[in-house]
Amino acid sequence: MPAPETRDSDFALLKEVVREAGALAMRFYCTDHKQWSKAHDNTPVTEADIAVNDLLLQRLGSARPDYGWLSEETEDDNSRLTRERVWVVDPIDGTRAFAKRWPHFVISVALVEAGRPLLGVLFNPATDEFFEARLGGGAFLNGRPIHVSGAMAIEGCRMAAYPPMFRHPAWREPWPEMEILERNSVAYRIALVACGAADAALALNGKNDWDLAAADIILHEAGGRMTTHDGNLFSYNRPTTRHPSLLAAGPVLHNAISARVSALKLPATSG
């Protein structure tokens, strides 16, 4: 665990650099920037993703050369596994929304040590929402403390998720009526849970370290619980960056949703 003064310095650096990255992203947002699909998985990427990634890597990497680096937009060489602390980065989480000019994306950066995040920032520059948290220090949105909602029942809750998932014929019993909030960025969905704008987030498909790490600490510091669908805590900066699922909510609602989904057998993840 780094000394408090080191963590203070890291946190100040992280917030400064992510704000710079947000300003850069907005230079591309709602413009005719270049877009293409990645060869290995056909997911979208834009020149903004690459520009923001390069800025974050240059600024954070030069300031902390002994820290590791894991980013969606940088080829992973596994050198991060030898480092005590690692930046875990998604330069634009919600690229599809960004490309479609929807304001549902965030810049996501966490500092991870021993598998868990110490610091995390999520910044949506289109809406000027700046979420931040440090271990043991609470979670904040634009400088104000945030907390998960007190929702306890699934029925009537605000669920940040992919709507067709709840209509799948494989469910043994239908889901109760919920208000579904559809956001392309999984990190942004979790941030909405952390600040009480949503009550829960659920995803039953694979997610990566960079989708989750910053949101994880923000959600936990806001009083929530975030696990895989079957109740496992996330561990980051491992040889595989892939996780099978996501469930985030306040403690009581997390238990209620878990009772419905924990026995599901999902396809094995890879990556």
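**Exercise 1. Contacts along the chain**

Task: In this predicted model, find what share of the contacts with a separation of 6 or more is made by residues 24 or more positions apart.

Solution: Begin with the contacts in the protein chain that have a separation of 6 or more, and then keep those between residues 24 or more positions apart, which account for 63% of them. One pair that can be located in the structure is E132 and I218, which touch each other.

**Exercise 2. Overall form**

Task: Work out why the protein chain can be called as compact as a globular protein of its length.

Solution: Start with the secondary structure, which consists of 6 helices and 16 strands. The radius of gyration is 18 Å, and the globule rule gives 18 Å for 271 residues, so the chain is as compact as a globular protein of that length. As a further description of its extent, the C-alpha trace spans about 55 × 45 × 35 Å along its principal axes. Turning to the surface, buried residues make up 52% of the 271 residues, while the chain exposes about 12000 Å², of which carbon and sulfur atoms supply 51%.

**Exercise 3. The charges**

Task: State how many positive and negative charges the protein chain has, and how far apart their mean positions are.

Solution: The count gives 28 positive and 34 negative charges, and when the mean position of each group is taken, the two points are 3 Å apart.

**Exercise 4. The residue E132**

Task: Decide whether E132 is buried or exposed, and describe its surroundings.

Solution: First locate E132, which lies in strand β7, covering residues 129–134. Its relative accessible area is 12%, and because buried means under 20%, E132 counts as buried. Next look at its contacts beyond four places in sequence, which include F11, G120, V121 and F140. Another of these partners is K15, and here the side chains of E132 and K15 make a polar contact at 3.1 Å. By way of contrast, consider N53, which is 79 residues from E132 along the chain, with the two C-alpha atoms separated by 19 Å.

**Exercise 5. The residue C195**

Task: Classify C195 by its relative accessibility, and find how far its C-alpha is from that of H147.

Solution: C195 sits in the loop between α4 (186–194) and β12 (200–203). Its relative accessibility is 23%, and since partly exposed covers the range between 20% and 50%, C195 is partly exposed. Although C195 and H147 are 48 residues apart in sequence, their C-alpha atoms are 5.4 Å apart in space. H147 is also among the contacts of C195 beyond four places in sequence, together with F131, L141 and I146.

Technical notes. Residues numbered from 1 in each chain as written. Predicted model: local features only at pLDDT ≥ 70, side-chain atom pairs only at ≥ 80, totals over all residues. Heavy atoms only, no water. Helix = DSSP H or I, 4+ residues; strand = E, 2+ residues; numbered from the N terminus. Rg over C-alpha atoms; globule rule 2.2 N^0.38 Å. Buried < 20%, exposed > 50% of the residue type's maximum accessible area, 1.4 Å probe, protein only. Contact = heavy atoms within 4.5 Å. Areas by Shrake-Rupley, 256 points an atom, 1.4 Å probe, with all protein chains shown as cover. Lys, Arg positive; Asp, Glu negative; His and termini not counted. Charge placed at Lys NZ, Arg CZ, Asp CG, Glu CD. Polar contact = N/O pair within 3.5 Å; in protein donor to acceptor, adjacent residues only side chain to side chain.
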